[in-house]
Amino acid sequence: MDKDVAAGNTTSTLGHLALGLTLLAFGLGGTGVIDNVAAADAAGLATWVGGVTLFLVGLLALRAGDKGDGTAFTALGAFWFTWGTAVGGGATADAVGVFLLLWALLALTLTLAASGSGLFGQGVYGLLFVALLLLGIGALADNGGLGKAGGWVAAVAGLVAWYGATAAVAGWPTALGRANRGAAAAAS
């Protein structure tokens with residue numbers, strides 16, 4: 001089997017694990033698929049794992065000269081810390097919608113900046129952009145269906161981030177496409 005795995009560095013792997021777990025918990029809560037579990041129930045995880053951990057990992061990446069992961073993780077750490085500490089604070093639905101749409105712009109920036117990084121780089125940020133866009137519009141329009149759809153997209157983004165980081169640690173394949181299928185068939 002072809003093991004074309006992007007090795008990733010320690011900060012990248014830890015950052016994507018933290019992002020993946022946070023997105024998965026937040027997304028699953030937003031879907032309503034688990035009884036009595038809402039996105040707000042992920043506030044503690046979002047504050048400490050998504051917020052503080054991502055922010056610190058981002059600072060370490062910046063110190064090591066990795067401006068891409070450094071920028072992404074510090075900015076996303078600020079997002080998750082702000083969301084985690086503010087949830088349940090009595091903000092209006094319109095304020096929440098605007099908050100989510102503004103952070104969707106950050107996710108769009110990260111998506112565009114990660115061009116060429118493949119499914120586990122650009123894909124995670126692209127899915128995060130779509131999730132925040134759906135959640136923001138859903139909050140502004142008072143549309144629970146859009147909120148649930150945004151939750152599902154966030155959960156998928158979390159799974160993609162988690163798999164990418166786990167693959168880097170475990171040596172699992174991450175490359176998709178014809179070249180890998182051809183190489184795998186030739187190796188058989």
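In the predicted model, Asp-142 adopts a positive phi of about 55 degrees and lies just after helix α5. Helix α5 itself covers residues 119–141, a run of 23 residues. With the expected span taken as 1.5 Å times one less than the number of residues, α5 should extend over 33 Å; the C-alpha atoms at its ends are 31 Å apart, and the two values therefore agree.

Helix α5 is one of seven helices in the chain, which has zero strands. The order of elements from the N terminus is accordingly α-α-α-α-α-α-α. Of the contacts between residues at least 6 apart in sequence, 70% join residues that are at least 24 apart.

The chain comprises 188 residues, 40% of which are buried. Its exposed area is about 9,300 Å², with 68% supplied by carbon and sulfur atoms.

A nonpolar patch of about 530 Å² was identified on the surface, consisting of Val-98, Leu-102, Leu-105, Leu-108, Leu-112 and Leu-140. Helix α4, residues 93–113, contributes five residues to this patch, the largest share. Leu-105 is placed in α4. Regarding the spacing of residues along such an element, an α-helix has 3.6 residues a turn, so residues three or four places apart point the same way. Leu-140, also a member of the patch, has a number that falls within the range 119–141 of helix α5.

Note on methods:
Residues are numbered from 1 along each chain as its sequence is written. This is a predicted model: local features need pLDDT of at least 70, side-chain atom pairs count only at pLDDT 80 or more; totals for chains, interfaces and linings use all residues. Side-chain values use heavy atoms; hydrogens and water are left out. Helices (H or I, at least four residues) and strands (E, at least two) are DSSP runs, numbered from the N terminus. Buried means under 20% relative accessible area, exposed over 50%, partly exposed in between (1.4 Å probe, protein chains only). Contact means heavy atoms within 4.5 Å. Accessible areas come from the Shrake-Rupley method with a 1.4 Å probe; for residues, only the protein chains shown count as cover. Patches are made of residues with over 30% relative accessible area and no salt bridge: like charges are joined within 9 Å, nonpolar side chains (Val, Leu, Ile, Met, Phe, Trp, Tyr) within 5 Å. A salt bridge is a side-chain nitrogen of Lys or Arg within 4 Å of a carboxyl oxygen of Asp or Glu.
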